[in-house]
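Here's a quick tour of the fold, taken piece by piece. Have the viewer open and follow along.

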Amino acid sequence: VRGRLLPCAAGSVRGRGASEPILDQRLAIRQTLDLKLTLLILWVDLEKCFMTFDRRIAQVTLRQLGVPPEVRDAIWAPHANSRGRYDSAYGSTDVFRLIKGYIQGSVEAPDLSLQALNVVCEVLQVKVLGFRWFSGERDGVRTLQCMYVDDAGDMMDTEEMTHRAIFCWG
């Protein structure tokens with residue numbers, strides 16, 4: 001699964017460290033200040049992503065990636081009978097079935113979360129134009145996303161693209 005992640009997931013992709021996105025954003029800020037350009041950074045805190053992904057959608061994603069059915073079944077076996085109960089000041093609720101989230105601490109949870117995030121990143125790549133680097137020409141390379149395992153920093157140079165990015169993450 002990790003072999004299919006977009007390069008923006010530095011720190012989760014072999015050969016790319018988490019310090020790369022930090023350097024990218026620092027350089028973008030420096031260029032923006034030097035050339036008096038516009039840079040808008042959307043910071044998304046993904047701290048709770050393990051608990052919020054819909055497992056049914058993850059099954060579809062894994063199938064689309066070509067993960068064999070027996071592997072998908074093995075991955076989802078621990079989740080099949082997940083149940084929960086909410087404890088409040090008024091007592092506990094009845095037991096209910098959990099359909100969202102991956103089991104914290106499970107071996108597969110990080111890869112499943114990264115794959116779900118990768119789907120969002122692929123949508124962003126199609127719908128949002130990232131920050132354009134100055135190259136001396138009008139056709140500078142654009143950088144949109146910098147993933148930091150449980151955080152994302154999207155870089156745009158227009159308000160419209162920032163609104164699109166917010167919509168995609170929302």
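## Starting at the sheet

Let's begin with one residue pair: in β9, Val-44 has Ala-152 as its bridge partner. That pair belongs to a longer match-up, since β1 and strand β9 (residues 151-156) run antiparallel and are joined by six bridges.

Zooming out, the open sheet has three strands, ordered β1-β9-β8, with antiparallel pairing. Which strands stand at the edges? They are β1 (40-45) and β8 (145-147): each has a single partner strand, so one side of each is left without a neighbour in the sheet. On average, neighbouring strands here are turned by 15° against each other, if you ignore direction.

## How confident is the model?

Keep in mind that this is a predicted model. Mean pLDDT for the chain comes out at 81, with 91% of the residues at 70 or more. Where is confidence lowest, and where is it highest? The low end is helix α2 (residues 49-52), with a mean of 70, while α6 is at the high end with 91.

## A helix over the sheet, and its partner

Now for what sits against the strands. Helix α5 (residues 109-127) lies across β8 and β9, and runs at about 170° to β8.

α5 also pairs up with helix α6 (residues 159-169): their axes come within 10 Å and cross at roughly 155°. Angles over 145 degrees count as roughly antiparallel, and α5 and α6 are therefore roughly antiparallel to each other. Their crossing is right-handed. On the α5 side, the contact uses Leu-117, Val-120, Val-123, Leu-124 and Lys-127; facing them from α6 are Met-161, Arg-164, Ala-165, Cys-168 and Trp-169. Sorted by class, this contact of α5 with α6 has eight nonpolar and two charged residues, and no polar ones.

## The other helix pair

Earlier in the chain, helix α3 (residues 55-64) and helix α4 (residues 69-76) have axes that come within 10 Å and cross at roughly 155°. α3 and α4 are therefore roughly antiparallel to each other, and α3 passes α4 in a right-handed crossing.

Which residues make the contact? From α3 there are Arg-55, Ala-58, Gln-59, Leu-62 and Arg-63, and from α4 there are Arg-72, Ile-75 and Trp-76. By class, the contact of α3 with α4 comes to four nonpolar, one polar and three charged residues.

How values were computed. Residues are numbered from 1 along each chain as its sequence is written. This is a predicted model: local features need pLDDT of at least 70, side-chain atom pairs count only at pLDDT 80 or more; totals for chains, interfaces and linings use all residues. Side-chain values use heavy atoms; hydrogens and water are left out. Two strands pair if DSSP finds at least two bridges between them. Helices (H or I, at least four residues) and strands (E, at least two) are DSSP runs, numbered from the N terminus. Axes are lines fitted to C-alpha atoms, for helices over the stretch in contact, and angles run from 0 to 180 degrees between N-to-C directions. Contact means heavy atoms within 4.5 Å. Angles under 35 degrees count as roughly parallel, over 145 as roughly antiparallel, 65 to 115 as roughly perpendicular and the rest as oblique. A crossing is left-handed if the near helix is turned anticlockwise from the far one by less than a right angle, and right-handed if clockwise. Ala, Val, Leu, Ile, Met, Phe, Trp, Tyr, Cys and Pro count as nonpolar, Asp, Glu, Lys and Arg as charged, and the others, Gly among them, as polar. pLDDT is the predictor's confidence in each residue, from 0 to 100.
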